[in-house]
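Let's take a walk through a protein model together. Have a look at the picture first, then read on for a guided tour.

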Amino acid sequence: MILPALLLALNVIVAQDTLRGVAIDERLAADAKLRVGDTVALSAAPGEAGQRAVVTGIVARAADPAEIARGEYKV
């Protein structure tokens, strides 16, 4: 009965590998205390279940004052 346990383990590994990767800006990472490798949920509106994704990168914002003044997060 080792085979069913092995298949279950393989299914878990495959399921984890199919998560989408996202890059987030450094301000969002700091405010939400996120790091590369963390799993997040992406949704169109607050409160929706969303789709799971893994943070694969954190990017620096441009030094453009208009970008900084908007205060938006970027994913």
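## The nonpolar core

Let's start on the inside. This is a predicted model, and its largest nonpolar core is made of eight residues: V22, I24, L28, A29, L34, V40, A53 and V55. Which elements give two or more residues to this core? They are β1 (20-25), α2 (26-32) and β3 (51-59).

Pick out A29, one of the core residues. If you skip its neighbours within four places in sequence, A29 is in contact with I24, L34 and I58.

## The overall layout

Now zoom out to the whole protein chain. How many helices and strands are there? You'll find three helices and three strands. Start at the N terminus and follow the chain, and the elements come in the order α-β-α-β-β-α.

The protein chain has 75 residues, and 17% of them are buried. As for the outside, the chain exposes about 5,700 Å², with carbon and sulfur atoms supplying 61% of that area. You can also ask how far along the sequence the contacts reach. Take the contacts between residues at least 6 apart in sequence: 55% of these join residues at least 24 apart.

## The sheet

The strands come together in an open sheet of three, in the order β1-β3-β2, and the pairing is mixed. Which strands sit at the edges? β1 and β2 (39-42) do, and each of them pairs on one side only. Going from one strand to the next, the twist averages 55°.

Here is where the mixed pairing shows up. β1 and β3 run parallel and are joined by six bridges. On this side of the sheet, V22 stands opposite V55 in β3, and G21 has V54 of β3 as its bridge partner. β2 and β3, on the other hand, pair in the antiparallel sense, over four bridges. In that pairing, look for A41, which stands opposite R52 in β3.

## Two residues across the strands: A23 and T56

Next, try finding A23 in strand β1 and T56 in strand β3. Along the chain they are 33 residues apart, yet their C-alpha atoms are separated by 5.6 Å. Are they buried or exposed? T56 counts as exposed because its relative accessible area is 52%, and the cut-off for exposed is over 50%. A23 has a relative accessible area of 34%, so A23 is partly exposed.

What do they touch, once residues up to four places away in sequence are set aside? For A23, the list is T56, G57, V59, K74 and V75. For T56, the contacts are G21, V22, A23 and V36. T56 also has G37 to compare with: the two are 19 residues apart in sequence, and 6.2 Å apart in space from C-alpha to C-alpha.

## A buried aspartate: D25

D25 lies in strand β1 too. Is D25 buried or exposed? With a relative accessible area of 2%, D25 is buried, since buried means under 20%.

Now look at what the side chain of D25 is doing. One of its polar atoms lies 3.2 Å from the backbone nitrogen of R27. The D25 side chain also reaches the backbone nitrogen of L28, at 2.7 Å. Further along the sequence, leaving aside neighbours within four places, D25 is in contact with I58, V59, R61, E72, Y73 and K74.

## An unusual backbone angle: K33

One last stop. K33 sits in the loop between α2 and β2. What is its phi angle? K33 has a positive phi of about 55°, although it is not a glycine. Its relative accessible area is 69%, so K33 is exposed.

## Quick recap

Before you leave the model, see if you can find these again. The sheet has the strand order β1-β3-β2, with parallel pairing between β1 and β3 and antiparallel pairing between β2 and β3. The largest nonpolar core holds eight residues, including V22 and V55, and those two stand opposite each other, with V55 in β3. Finally, go back to strand β1, where you can compare D25, which is buried, with A23, which is partly exposed.

Notes
Residues are numbered from 1 along each chain as its sequence is written. This is a predicted model: local features need pLDDT of at least 70, side-chain atom pairs count only at pLDDT 80 or more; totals for chains, interfaces and linings use all residues. Side-chain values use heavy atoms; hydrogens and water are left out. A nonpolar core is a set of buried Ala, Val, Leu, Ile, Met, Phe, Trp, Tyr and Cys residues joined through side-chain atoms within 4.5 Å. Buried means under 20% relative accessible area, exposed over 50%, partly exposed in between (1.4 Å probe, protein chains only). Contact means heavy atoms within 4.5 Å. Accessible areas come from the Shrake-Rupley method with a 1.4 Å probe; for residues, only the protein chains shown count as cover. Two strands pair if DSSP finds at least two bridges between them. Axes are lines fitted to C-alpha atoms, for helices over the stretch in contact, and angles run from 0 to 180 degrees between N-to-C directions. A polar contact is a pair of N or O atoms within 3.5 Å; within protein, one must be able to donate a hydrogen and the other to accept it, and residues adjacent in sequence count only if both atoms are side-chain atoms.
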